[in-house]
Amino acid sequence: MNKYLILCVDDEREVLDSVLHDLSELEEHFIIEAAESVDEAKEVLADTIADHIPLALILCDHIMPGETGIDFLIELKHQSETTLCRRVLLTGQAGLEETVQAVNNASLDYYIAKPWDGNQLKEVVIDQLTTYVIENEKDLMPWARILDTARIMEALSERRLTLSDL
């Protein structure tokens with residue numbers, strides 16, 4: 001089973017710690033990294049890309065020192081190593097215009113407002129990771145017990161039907 005990266009980016013350490021806590025059940029199957037700025041996130045990505053570990057999902061705040069989260073998500077969409085990742089904006093401060101910009105650039109897969117419910121965050125992350133795995137993984141069966149079992153089984157069924165049509 002391939003290892004994938006979940007990257008959490010927020011300039012507030014308490015927020016990062018809370019997100020990491022909410023996603024701790026996924027640590028057995030995913031590499032979960034935290035970054036307190038876009039620059040730090042870029043360093044983490046450079047290291048994991050060098051280690052051939054794909055970015056499956058990024059949870060990113062919007063208002064941060066330096067580059068904004070939405071600008072970073074748009075940038076990731078246009079980089080070959082990260083274009084396939086699922087992008088989730090986790091913020092309480094993004095304006096409508098900025099959010100629309102991210103959606104229109106196909107750079108945002110989901111928006112979660114702060115404060116969030118930990119169970120909802122985990123459900124969204126599992127849903128987004130399920131989509132990523134179905135779209136990018138050849139061997140889905142090992143993921144059925146970790147992610148959305150019904151969707152994984154449905155994707156397996158569809159793949160078998162497609163193969164039988166050949």
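**Entry 1: E28**

I began with E28, which I located in the loop between α1 and β2. I noted that the model I am reading is a predicted one. I then asked whether E28 is buried or exposed. With a relative accessibility of 60%, E28 counts as exposed, because the cut-off for that class is over 50%. I next looked up where E28 stands with respect to I146. These two residues are 118 residues apart along the chain, and I found 9.7 Å between their C-alpha atoms.

**Entry 2: the chain as a whole**

I turned to the general layout of the protein chain. I recorded 6 helices and 5 strands. Read from the N terminus, the order of the elements is β-α-β-α-β-α-β-α-β-α-α. The chain has 166 residues, and 45% of them are buried. I also looked up the contacts in the chain with a separation of 6 or more, and 64% of these are between residues 24 or more positions apart.

**Entry 3: the two sides of helix α1**

I examined helix α1, which covers residues 13–22. Which of its residues are buried? I listed V15, L16, V19 and D22. These residues lie on the same side of α1, because they cover an arc of only 125 degrees around the axis. On the other side of α1, I found E14 and H21 exposed. I then looked up what the buried residues of α1 pack against. Their partners include four strands, namely β1 (5–9), β2 (31–35), β3 (55–60) and β4 (86–91). Helix α5 (118–136) is also a partner of these buried residues.

**Entry 4: helices α2 and α3**

I next considered a pair of helices. Two packed helices are described by the angle between their axes and by the distance between the axes. For α2 (residues 38–50) and α3 (residues 69–77), I recorded an angle of about 25 degrees and axes 11 Å apart. Angles under 35 degrees count as roughly parallel, and α2 and α3 are therefore roughly parallel to each other. I noted that their crossing is right-handed. Which residues meet in this pair? From α2 I listed V38, A41, K42 and L45, and from α3 I listed F72, E75 and L76. I sorted the residues of this contact into 5 nonpolar and 2 charged, with no polar residue.

**Entry 5: H52**

I looked up H52 in the loop between α2 and β3. Its phi is near 60 degrees, which I noted as a positive value in a residue other than glycine. H52 has a relative accessible area of 72% and is exposed.

**Entry 6: K114 and P115**

I checked the peptide bond that joins K114 and P115. This bond is cis, with omega at about -10 degrees. I placed P115 in the loop between β5 (110–113) and α5.

**Entry 7: M153**

My last residue was M153, found in helix α6 (residues 149–164). How accessible is M153? Its relative accessibility is 38%, so M153 counts as partly exposed. Leaving aside the neighbours within four places in sequence, I found M153 in contact with M141 and A144. I also looked up M153 against L140, which is 13 residues away in sequence. The C-alpha atoms of M153 and L140 are 8.3 Å apart in space.

Key
Residues are numbered from 1 along each chain as its sequence is written. This is a predicted model: local features need pLDDT of at least 70, side-chain atom pairs count only at pLDDT 80 or more; totals for chains, interfaces and linings use all residues. Side-chain values use heavy atoms; hydrogens and water are left out. Axes are lines fitted to C-alpha atoms, for helices over the stretch in contact, and angles run from 0 to 180 degrees between N-to-C directions. Helices (H or I, at least four residues) and strands (E, at least two) are DSSP runs, numbered from the N terminus. Angles under 35 degrees count as roughly parallel, over 145 as roughly antiparallel, 65 to 115 as roughly perpendicular and the rest as oblique. A crossing is left-handed if the near helix is turned anticlockwise from the far one by less than a right angle, and right-handed if clockwise. Contact means heavy atoms within 4.5 Å. Ala, Val, Leu, Ile, Met, Phe, Trp, Tyr, Cys and Pro count as nonpolar, Asp, Glu, Lys and Arg as charged, and the others, Gly among them, as polar. Buried means under 20% relative accessible area, exposed over 50%, partly exposed in between (1.4 Å probe, protein chains only). The arc is that of the directions from the helix axis to the C-beta atoms.
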